[in-house]
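Biologist: Please take a close look at one part of this protein for me, and then show me how that part sits in the rest of the chain. I would be glad of the cut-offs behind your terms as you go.

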Amino acid sequence: MSEQASWGTAVMATRHCLTGCAIGEIVGMVVGTAASWSNGPTVVLSIALAFVFGYALTMSGMLRAGLDLRRAAAVALAADTVSIAVMEVADNLVMLVIPGAMNAGLGQWLFWVSLVISLGVAFVAALPVNRWMISRGKGHAVVHAHHH
């Protein structure tokens, strides 16, 4: 196995992906909860924003590396789609199964603790997926190719 497919590289890639996901997830959950939306629209908004922020984070790095907007978007889609999808499935399942988490208000500890737990589970779920993808030249291996 190449050094690029090490667990350390997978951790860095997953942490990077989780950052964008977490920003979108938190914004979506906060907006949905503050607006007193039901679980369905809140989850949909959170997922959509997780993808938007995840892709935007990767794209910003690719733009700084000199890629044009179209190529940066293509790299972000290739690098992040599977990882974000895995994170979102794990994250939202956890939020939905913790009793009361989706109905907790922003001022309640249950809301925030559940969100932190769900993001931790999302990281653990995506880590082996990212390592597997990197070992095959996919996922964040595409991003790393533009940093060298």
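Modeller: Let's start with Asn-130, which has its place in helix H4, residues 109-135. Helices here are DSSP runs of H or I with at least four residues, strands are runs of E with at least two, and both are numbered from the N terminus. Please keep in mind that this is a predicted model, where local features need pLDDT of at least 70 and side-chain atom pairs count only at pLDDT 80 or more, while totals for chains, interfaces and linings use all residues. Residues are numbered from 1 along each chain as its sequence is written, and side-chain values use heavy atoms, with hydrogens and water left out.

Asn-130 counts as buried because its relative accessible area is 2%. Buried means under 20%, exposed means over 50%, and partly exposed lies in between, with a 1.4 Å probe and protein chains only. Setting aside neighbours within four places in sequence, Asn-130 is in contact with Ala-10, Ala-13, Thr-14 and Ser-83; contact means heavy atoms within 4.5 Å. Phe-51 is 79 residues from Asn-130 in sequence, and their C-alpha atoms are 16 Å apart in space.

Val-121 is also found in helix H4. With a relative accessible area of 35%, Val-121 is partly exposed. Beyond four places in sequence, its contacts are Ala-90 and Val-94. Ala-10, which Asn-130 touches, is 111 residues from Val-121 in sequence and 16 Å away, C-alpha to C-alpha.

Now follow the chain back to helix H1, residues 7-34, where Glu-25 lies. Glu-25 is buried yet has no salt bridge, and the nearest side chain of opposite charge, Arg-15, is 18 Å away. A salt bridge here is a side-chain nitrogen of Lys or Arg within 4 Å of a carboxyl oxygen of Asp or Glu. Not counting residues up to four places away in sequence, Glu-25 touches Ser-46, Ile-47, Ala-50, Glu-88, Asp-91, Asn-92, Leu-115 and Leu-119.

Ala-34 belongs to H1 as well, but Ala-34 is exposed, at a relative accessible area of 57%. Its C-alpha atom is 7.1 Å from that of Leu-106, although 72 residues separate the two along the chain. Ser-36 follows in the loop between H1 and helix H2 (39-64). Ser-36 is exposed too, with 65% relative accessible area, and its phi is near 60 degrees, a positive value in a residue other than glycine.

How does this fit the whole chain? There are five helices and zero strands, so to speak an α-α-α-α-α order from the N terminus on. Of the 148 residues, 45% count as buried. Residues 24 or more positions apart make up 71% of the contacts with a separation of 6 or more. The radius of gyration is 16 Å, which agrees with the value near 15 Å for a compact globule of 148 residues; it is taken over C-alpha atoms, and the globule rule is 2.2 Å times the number of residues to the power 0.38. The C-alpha trace spans about 45 × 30 × 20 Å along its principal axes.

Terms used:
Lys, Arg positive; Asp, Glu negative; His and termini not counted.
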